[in-house]
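Reader: Please show the model, and then we can go through its salt bridges, its interfaces and its backbone.

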Amino acid sequence: MDNTADVTREGEGERLTRYGEFLKRAKSKLPRMHLSLKGDGGKHRQPYFKIIRTEYSREETLWGWIFVLPCVILGAIFVLGPIVISLYYAFTDANLLRLDEAQWVGFENFKRVFEDSTVGLALTNTLTFVVEVVPLQLFTALGLALLVNKITHGNTFLRWAFFVPVMLSLAITSMLWMNLLNDSDGLINALILACGGIPVNWMTDEVITLQAIIFISAWQGAGYQMMIFISALKNVDHSLYEASEIDGAGSWNRFVHVTLPAIRPTFSFVLITMLISAFRIVTQPMIMTQGGPNNHTMTMSYYIYLQGTQYRDIGYSSAIALIFTFVMAAVSLTLRRLFEGKKD
Amino acid sequence: MNKNIRLGALLLTSLTALTSCGGGGDQSNNDVPGGTVIVEVWVHKNQQEPEGRVYNSLMESFNNSGFTTASGANIRMSMVFCGSTIATRIASAQLTGGLPDVLAVDCTDITSYVDAGLLVSIDDTVTTEDSYVDSVIDECTIDGSLYALSGMEAPGGLYMNTGLLAQVGYTEEDYAEPWSWKDVKEAMEKLYAADLPYQIQLNQNFGTDGAMYFHSNLVYSAGGDFGTDGAVEAALTTPEALAGIEQLEMFYTDDGLDNPRTEAWAYTGSNASAFEQGEVAFEIYGPWDATTIEKNKYTSAQYEHAAYNNYQILPYPVYEDASGNKSTLVANPCGSYCFGVTKDTENKEAATVALEYLTGRDATEAMFSEIGTFPTNKDSLAEMEQLQTGAFKQLADNLSNNEFTRPKMVKYPQMKDAYTRVLDYIKNSCNDASYDLEAYIRDQMGTVDSAR
Amino acid sequence: MSDEEMKNEAAETVEVAPETEQGNTPVEATRKDSAAPADDVYLSLRHVDKVYDNNVQAVFDFNLDVKKHEFVVLVGPSGCGKSTTIRMIAGLENISSGDLYIGGKYANDLSPKERDIAMVFQNYALYPQMSVYDNMAFGLKMRHIAHDVIDRKVREAAEILELTKYLDRKPRQLSGGQKQRVALGRAIVRSAKIFLMDEPLSNLDAKLRVSMRAEIVKLHKTIGATTIYVTHDQTEAMTMATKIVVLKDGRVQQIGSPEEIYSHPANLFVATFIGSPAMNIWDGTLEGRDVTVGTGNQVLNFQVHDDIVSKRREFYQNTLDRVLFEIYASISRADKAVEKAAKNLLNLTRGQLKSNLSEVDSHQAEPPSEEATPEERIEAARLRLKAAQKKCELALSQLDLSNWFPKRRELTKNIELVYAALGNQLQRLEQFDAGLSGGRCDLAVGLRPEEMEITTVDDPREGFESEVVVAELLGASYYLHFNLFGKEIVAECHASTPMVSGQRIKVIIDSSHIHVFDKVTQLRID
C-alpha cells in the first residue's frame, strides 16, 4: 500500500482531495532526505542492489547498518571474540600467567577431559541438578501461580512473599541456607531433633548435599517464574473455562485441556530459559560446599572456573568448556524439537 | 552526493560512540638529578577498606619523605587499588607489558609468579632483609633468591580455654611446653567426662586456604613434607606424612562419644565466636581472635565459660608417636600478603626502595594497629608494648623463629584443594567401613601430579 | 398492601440507577410466592434475582416458564440482564434469590455439568489446540462415553452441519461461520435437554448472519431441543422465536409470541424496540373518548373504543400501585438526602434546620388506610410530595446560608437532584390523576411505518398531506421520511412508483392500527 497520499483519487468527495493537497504541500516543506519505505509509489524507483535475487534498497541498507553497527561491533568484540579465542586456547597448553607462550598441543586437552574422573563427576552432578531442578522449579512456579490466581484475599501479599527469595542475591541465600542447614546447630536439624528424629548431614553427606542445593535453587527461583505464569494465566480466555465447565470437565480436566494448552508458549519459554540457567549453576556450590564432600557437588561451570582461574590451566578449561557447550546445545535442541514437534 | 556525504558522516559518528578511553598512564622514569621516578604499586584492596586506607596513608607519607635514588632523582609512589580484580588485571597486563613496578602477591602465589617470570629477584637491590622475621624471608625466597617482602604476618596457634582446663586439673605448668595432639585429645576427654564444653574448632575450611594455612604442619611435625611439583603423591604417602595426617582422625571418630549422632569431638557449628564465648575449649586459629576477645571483653561476662582472661595461645600441636615421643619440630600457621617487584619495572632500585618502605617498620606497625596483623619487623616484635604481655606475646613468640610450612609449588592451588578434600574426607568418612586414607591421598595427589 | 407498607418497602429498596424518565415499574407487585412448576413446563424460573457484590442488581424478579421444544429468545438492549439470566440458567452465575427448575428438579445448586445443558458462546469458545472432531467429542469424553458411540455421534452431527470435511482441522483454520457451526455441533452432539445460545451470531457479518439464522431454525426443527437464545437484534428474535421475552434494565417488559409482541406491545419500550424501522411515536391527549395528536394545522383526531374508556379507570386503578411505589421511593430518597445534609451541617445551623423540618413533618397528614379510594391516595401522595419538596427547599436555603464547610457542594447537588426528581414525580402524579379522574391526560400514540398507506395527492380518500424529506430506496420498497403531526416520521411504501425528496404525498391512516400508551406508566391502554 502506498504511504504517500498525494495521489488524489477522483470522485471520492471533496474532503479527500483537500487532504491530499495539504499532504503534498506539507511533504514539500520537509527536507529532501525522507525515509520512504517502499519508494514514491511508482514515480521513480530508488537505487537498489541485488543479492541472490532479493532486492535491497541501497538507502535502507545504509540506514540499517548505521543503527546496527555499534551493537554488531560490540558483539563481535565481547561475545564472538572470546568464543573464538577460547576455541583456539582449547588446542593449546595456555597458562593464565603465560598466555603469550601458548603452544599447540592438538587434542591432548580433549583426551584429558575424557580421562578426568572429576569431569565425569561434575557432568553427572550438573545433569542431575538440571534434571531435578527444572521440573521441581517449573511445577512449583506453576502451582504457586495457579494458587495465587485463585486466592483473592491477601493476593498481593502472597505474590510479594513468594517473590522475595528472587530478590535476594544467590550469595546471600546460599549463606542463609548454609546456616539453616548446619549439621550441629542449624535450625532444620534442631527442629528434627526436637521432633525426635535423627539429624541429617545436610552439607556433608555426598548424596544429600546435592539434593539440598537443588531444593534451595528451586525455592529461590520459583518466585520469578511464578510471576511470568501469573500473567500468562490471566490471559487465558474465560469463556473456554465456562465452555469446559458446561462440557462436564472437572478441575483436573480443565487444567489439562484449557489451562496448559493456553499457556503453552509461556511454558516452553520458561522451560528453555530455566534449563539454560540450570546448566550454568556455580554460585551455590562455590559458596556452600566448594565442590562439596569429595567433589559430589562439583558442577561443570564451577570446574571450568576452577581449572581456568584458580589452577591457571586455561587450555584445559577451554577444552572442558567447549565440550560442555556441545552437551548443553544437544540437550536444548533436543528439547526444543520435542516441544515443537507437538505443535503442528 | 550531498546525501551520501551526510550518511557517511553519520556512520562515522555512530562508530565513535564505541571509542572508549584507553588506559595506561605512562610511567616517567627520569632518573637524573632533579627528575622524578614514579613507582606504580598495585594493591589487592579497595581504598575504602581498612587495609586500603593504611596503604593510602603509607603512600602519602612515602611521598612526603623525600626518598631519592642513587642518582638523585625523587621517587614518588602511585598506587592503584585493584580490589578483587587484581588477578584479572595481572593476567591481562602481563601480556601487554603493563605490569606495575611493585605488585601485591599472596605468599603462596610467589612460586608460580616467579615460575612465569613475573617477579624479579631483588637480591641485588634489597638492603633491609635482616630486619624481617624468618618466616617472611622463608616464604619469599625461591631457589635461594629473594623475590618479595611482607609487612604483615598472621601467626596462629592453639587457643586453649584455661579456665575450663583448670576445672579438670590443669595448672600453669602444663602450658610451659607445646602440647601434642594426643595431649589435646586427653584434655578434651577429661572435659567431656566432667560435662564441660570440650570441643575443638579446627577451622579447616577457613577462607580459601584454611586447610593448608592451619594444618600443613600436621605433615611437618611428623617429619614429612609436601614434596615438589610432580612428586606430591610420593611425598604425602610416606609413613611420616600419613602418620601426621592421621592424627586428625581422633577428632572425627565416634569413639568415646555417648551420642555420636548429636555429639562430635570437632566443632561443626556456625558460631564464629565459639571459642570467645566458651562454647568450645580449643581452637586452631590465627591472630584475629586475640584482637576480637580483647575488643569484646566487656560483653564477655554474660557467657559462663568466656575465654577473656582465661586463655592461652600455645604453639600448634606437635606430633606424638605411638611410644609417646613428642616431635621437636614446632611450626605455627603463618604467611600473608607480600609485595614483589615485577619484570616490567623500569627502575628496580626505586621500586625496591618503595617496597621496603611498604613493608618496613613504620608500615608493619601501622598495619598492626589498624587491622591486627602482626609486625614482621624483629625490632617491632621486641619493642612494641602490646606485644610484651598476654596472648599477643604468645603469638609474637609463635612468630619468632617460625618456619613457613606451606610448600612452595607452582601447582599450589591444585594441591591446596586436594589437601582440603583429604581433610574433609577424614571429617566426613572416618567412621565409614570403607575408609582408606592412604588410598584417598594417593588418588587426590595423583591428580595433582598429573595436572599441567 | 397499604401505602404505609409500600412506603417502607420503597425506603428499603436496593439502590439502582438514578430515576429515569420512563418508569422502572415492576411487572408484578407480589414477591414471595413460589410453587413448583406445572408438568409440561420443562424450564422454569421463579422470581429470580441477581445482585452483584457491589449491590448492583442486574436482574429483577425474572419469571419464565418454558415448555419442551420451545425456542425462547431473550431480547433487549445492552445491559438489560439477558446474558446474566442465561448464565444463571447455565450455572455459570449464582442465583441470588429465586428458584430455577430444570425438568421439574430444583436446580439452583446443581453444577453446570449436572444440569445437562449445552451452550453456544458468542466468541465460539472452541478449544484451540484440538481438532474439530476433538472439540465436538470433548463433552462426551468427559462423560466417559464409549469410543464408538462418540465417533458415531460426532459424525452424525458433522453431517447435519456440513462439517464432515473439516473434522481434522484446527479452529484457527476455520472461518467465522464454520467455527460457529462447530460450536453448534459441540452442543448437538451431547443431546442435551436444553440449548443455551448467548448471542452466537453477533460476531458474524450480515450475510452470514442471515443464512446462519435459517440454519439454526432448521436445526431446531430437526432436533427439537428446548432452546433459550439471547440476542440484542430484534430481527433475530422475530424470525427465530416461538416465544419472545423482552428485557430492559434487568426487568421483563413482555413475554409472548412474535405476533403478539408485534401487534400488541405491552408498553412503549417494546413497541419501539420491536419492528424495524421503529414505530413512530407522537404525543397526544385523551379527553373522554377523543384522542388528539399534534397541534396547529395538522391534527389527528380519532376516537378510542368504548371499551378503552370504560377500562380506563380500571387501568389507572390497577397501575396506581406502581406509580405510588415509585413516588414513595422518590420521597424516601429525598428524605435521606435531606437528613444527610442536616447531619453534615454545623451545629448551630443544624438545629435550626432540624426544627424547621420537624415542623413540616408535624403538619403531615395521616397516611391513608387500606380501604382508601384511589383519589384519596393520590391526594395523600401529592401532599407528601409537596412536603418533601418543602423540606428540600429548606435544606437548600440553609446550605446556601452556611459558609464554606466540607461537602457543601456535593450535598447541594444531591438535594437539587432529588428536588428535580420530586418535581417530575409531581408532574406525573398530576397526569395520572387526570387520567384516573377521566379528565384530560397525556398519551403516547404510536403507528408503525408499515401501517400507513402512501398515495399521491390526487387520491380522493381522506388523508394527511406532507412532503417527502428523504426517500431511501431499499430495492423493493422505500423508507420515506416526512413530517406529520409536528414530527418527522418514517413510513414504508412499495417501490412501484418512484419517490424523490420534495415530492408531495398523501398519508392515509386507519385508526384501528394506532397504539395508545399512557404517558406516565408507559403501558399500553387497551
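Reader: Is Lys326(B) buried, exposed or partly exposed, and what is its relative accessible area?

Author: This is a predicted model, in which local features need pLDDT of at least 70, side-chain atom pairs count only at pLDDT 80 or more, and totals for chains, interfaces and linings use all residues. Residues are numbered from 1 along each chain as its sequence is written, chains are lettered from A and ligands numbered from 1 in the order in which they are written, and side-chain values use heavy atoms, with hydrogens and water left out. Buried means under 20% relative accessible area, exposed over 50%, and partly exposed in between (1.4 Å probe, protein chains only). Lys326(B) is therefore partly exposed, its relative accessible area being 39%.

Reader: Which residue does Lys326(B) meet in a salt bridge?

Author: A salt bridge here is a side-chain nitrogen of Lys or Arg within 4 Å of a carboxyl oxygen of Asp or Glu. For Lys326(B) the N to O distance is 2.5 Å, and the partner is Asp183(B).

Reader: Where do Lys326(B) and Asp183(B) lie, and how many residues apart are they?

Author: Helices (H or I, at least four residues) and strands (E, at least two) are DSSP runs, numbered from the N terminus. Lys326(B) is in the loop between strand 10 (311-314) and strand 11 (337-341) of chain B, while Asp183(B) is in helix 7 of chain B. At 17% relative accessibility, Asp183(B) counts as buried. The pair links distant parts of the chain, 143 residues apart.

Reader: Lys348(B) forms a salt bridge with Asp124(B); how many residues apart is this pair?

Author: The closest N and O atoms of Lys348(B) and Asp124(B) are 3.1 Å apart. Lys348(B) is in helix 13 (residues 348-359) of chain B and Asp124(B) in the loop between helix 4 and helix 5 (134-140) of chain B, so distant parts of the chain are linked. Lys348(B) is partly exposed at 24%, whereas Asp124(B) is exposed at 60%. The separation of the pair is 224 residues.

Reader: Which residue of chain B forms a salt bridge with Arg312(A)?

Author: The closest N and O atoms of this pair are 3.2 Å apart, and the partner is Asp109(B). Arg312(A) lies in the loop between helix 13 (300-310) and helix 14 (314-342) of chain A, and its partner in the loop between strand 3 (102-106) and helix 4 (110-115) of chain B, so the pair joins two chains. Both residues are buried: Arg312(A) and Asp109(B).

Reader: What is the area buried between chain A and chain B?

Author: The size of an interface is often given as the accessible area lost when the parts come together. Buried area is that loss for two parts (1.4 Å probe), summed over both. Contact, meaning heavy atoms within 4.5 Å, takes 38 residues from chain A and 35 residues from chain B. Carbon and sulfur atoms give 57% of the buried area, which is about 3300 Å².

Reader: Which three residues supply 20% of the area that chain A buries against chain B?

Author: No other three residues of chain A supply more of this area. They are Ile66(A), Leu97(A) and Tyr311(A).

Reader: How many salt bridges are there between chain A and chain B?

Author: One pair to inspect is Glu108(A) with Arg452(B), at 3.5 Å from N to O. The count between chain A and chain B is four salt bridges.

Reader: Which helix of chain A gives the largest share of the side that touches chain B?

Author: Helix 2 (58-89), helix 3 (108-115), helix 13 and helix 14 of chain A each supply at least two residues of that side. The largest share is eight residues, from helix 2 of chain A.

Reader: How many salt bridges cross the interface of chain C and chain A?

Author: In this interface, 24 residues of chain C are in contact with 16 residues of chain A, and the buried area is about 1600 Å². Arg190(C) and Asp247(A) meet in a salt bridge of 3.4 Å, N to O. The rule finds, across this interface, two salt bridges.

Reader: Which peptide bond of chain C is cis?

Author: Pro277(C) lies in the loop between helix 10 (268-273) and strand 11 (280-287) of chain C. Omega is near 0 degrees for the cis bond from Ser276(C) to Pro277(C).

Reader: Phi of Asp61(C) is a positive value in a residue other than glycine; what is that value?

Author: Asp61(C) lies in strand 2 (residues 57-67) of chain C. Asp61(C) counts as buried, at 16% relative accessibility. Its phi is near 45 degrees.
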